[in-house]
Amino acid sequence: MYFKSSYFYNFRNLMPERLLWSPGFNLITGRNGAGKTNFLEGLNLISGWGPLEKGTKMSALVTWKADGSDKTDDRHDRASLWAGVSGEESAELFLSVGLRGSLKLNEKSVSASAMRSKVPVLPFLSDHLSLLRGSASHRRGLLDRVGSLISPSYARRLHDYKKALRQKSVLLRRRDDTRVANRTLLPFGAWLWTAREELSRLLEDALARFSDLLAAPMSVAFVRGGGGLDDDPLTDFRKALSEKNAGERAAGVPLVGPQRDDLRLICGTREAAVSLSRGQSRRAASALVLASAYIVERSLARKPVLLFDEIASELDGDGRDATLDALLSTGCQVFAASADPIDFEGIETYRMQKGKFL
């Protein structure tokens with residue numbers, strides 16, 4: 001799939017204009033504050049993903065009114081995002097943003113999960129170096145993005161698990177009995193452990209296709225949050241809950257479950273985050289992104305769209321060229337932002353200034 005056109009109205013600092021896009025690599029350049037990230041976020045939202053900044057209210061996505069004018073009618077209280085996609089099939093996407101968001105696909109209301117599976121987009125809008133050097137939440141997020149794209153069941157189970165986990169967290173803070181909450185968590189947590197372990201195996205296999213980006217072969221090992229007492233996920237979850245019950249009550253927070261999972265990324269015999277330089281880490285992170293895209297394409301029989309912020313940051317010339325070559329070789333549509341232009345064959349460059357494409 002690929003975006004062939006877009007029109008965003010009243011969205012953050014972006015000027016309303018109809019834009020046509022290359023099905024290949026689209027590079028958006030401009031100074032900080034030009035609107036590059038806002039545009040990528042618009043594509044992110046209209047494809048069924050949540051706001052870029054954690055905790056951002058939907059109403060905060062409506063235009064900043066850079067000209068200083070007052071809002072004079074209801075149209076200024078909402079943003080409208082439209083896009084046309086083509087490729088494996090053609091479709092029109094629409095998102096209305098106010099206090100809440102409303103998604104439509106071909107003029108019919110759809111859920112975010114349905115939109116994601118129809119128009120698969122893999123967003124990496126924060127620093128994707130965090131996949132290696134950041135906290136475990138970044139690596140869990142990678143698994144969750146891939147899992148949610150290839151399986152609607154994954155997104156539902158993850159939602160149900162998080163809902164039950166919040167209930168247990170409240171009980172722990174109150175020092176109440178958590179046995180009923182644990183029974184609710186048990187099947188969801190074990191299912192997610194099973195799914196994430198399979199995703200980790202697929203990720204490691206797919207990484208071999210992008211070995212040119214890796215300084216050394218990299219292995220991927222899934223680590224169950226608080227588990228490791230039994231091979232069977234359900235039994236392991238049950239045993240871990242029993243063993244850590246006293247610790248959870250003392251800490252007042254859940255210590256077992258997918259919310260504490262991690263991926264161990266190993267180069268040779270050492271953690272990749274320790275053994276690789278920053279440039280090597282960024283290339284390895286790009287390999288993880290491309291491996292994820294390969295899994296999505298094989299599962300859905302349609303190419304995902306890739307979104308990147310600051311694509312060439314901290315890469316030397318060779319590293320940048322290797323990364324761009326690898327991205328172009330996938331045949332996926334790419335939208336990438338960069339403060340500086342990049343002269344590279346096969347890339348279409350668009351410049352932004354003050355929310356407008358020049």
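How many bridges join strand E1 to strand E4, and in which sense do the two run? I began my notes with this pairing, keeping in mind that the model is predicted. I found 7 bridges between E1 (residues 2-9) and E4 (residues 79-86), and the two strands run antiparallel. Within this pair I noted Ser 5 standing opposite Gly 84 in E4.

I then looked at the pairing of E1 with E2 (residues 18-20), which is antiparallel over 3 bridges. Ser 5 appears here too, opposite Leu 20 in E2, so I recorded that E1 pairs with E4 and with E2, because two strands count as paired once at least two bridges are found between them.

Next I turned to an open sheet of 6 strands, and wrote down its order as E8-E12-E13-E3-E14-E15, with mixed pairing. Strand E8 (121-124) and strand E15 (356-357) stand at the edges, and because each has a single partner strand, one side of each is left without a neighbour in the sheet. Inside this order I followed E3 (residues 25-29) and E14 (residues 347-353), which pair in the parallel sense over 5 bridges, and I noted that Asn 26 stands opposite Glu 348 in E14.

For a single residue I picked Leu 290, whose place is in helix H10 (residues 278-300). Is Leu 290 buried or exposed? Its relative accessibility is 1%, and therefore I entered Leu 290 as buried, the cut-off for that class being under 20%. Leaving aside neighbours within four places in sequence, I listed the contacts of Leu 290 as Phe 210, Leu 213, Leu 306, Ala 326, Leu 327 and Thr 330. I also checked Arg 209, which is 81 residues from Leu 290 along the chain, and found their C-alpha atoms separated by 9.0 Å.

Last, I took stock of the whole chain, which has 11 helices and 15 strands. The C-alpha trace spans about 60 × 50 × 35 Å along its principal axes, and the radius of gyration is 21 Å, which agrees with the value near 21 Å for a compact globule of 358 residues. Buried residues make up 51% of the 358, and among contacts with a separation of 6 or more, 71% join residues 24 or more positions apart. The chain exposes about 16,600 Å², of which carbon and sulfur atoms supply 49%. I closed with the charges, noting 52 positive and 43 negative side chains, the centres of the two sets lying 7 Å apart.

Note on methods: Residues numbered from 1 in each chain as written. Predicted model: local features only at pLDDT ≥ 70, side-chain atom pairs only at ≥ 80, totals over all residues. Heavy atoms only, no water. Helix = DSSP H or I, 4+ residues; strand = E, 2+ residues; numbered from the N terminus. Rg over C-alpha atoms; globule rule 2.2 N^0.38 Å. Buried < 20%, exposed > 50% of the residue type's maximum accessible area, 1.4 Å probe, protein only. Contact = heavy atoms within 4.5 Å. Areas by Shrake-Rupley, 256 points an atom, 1.4 Å probe, with all protein chains shown as cover. Lys, Arg positive; Asp, Glu negative; His and termini not counted. Charge placed at Lys NZ, Arg CZ, Asp CG, Glu CD.
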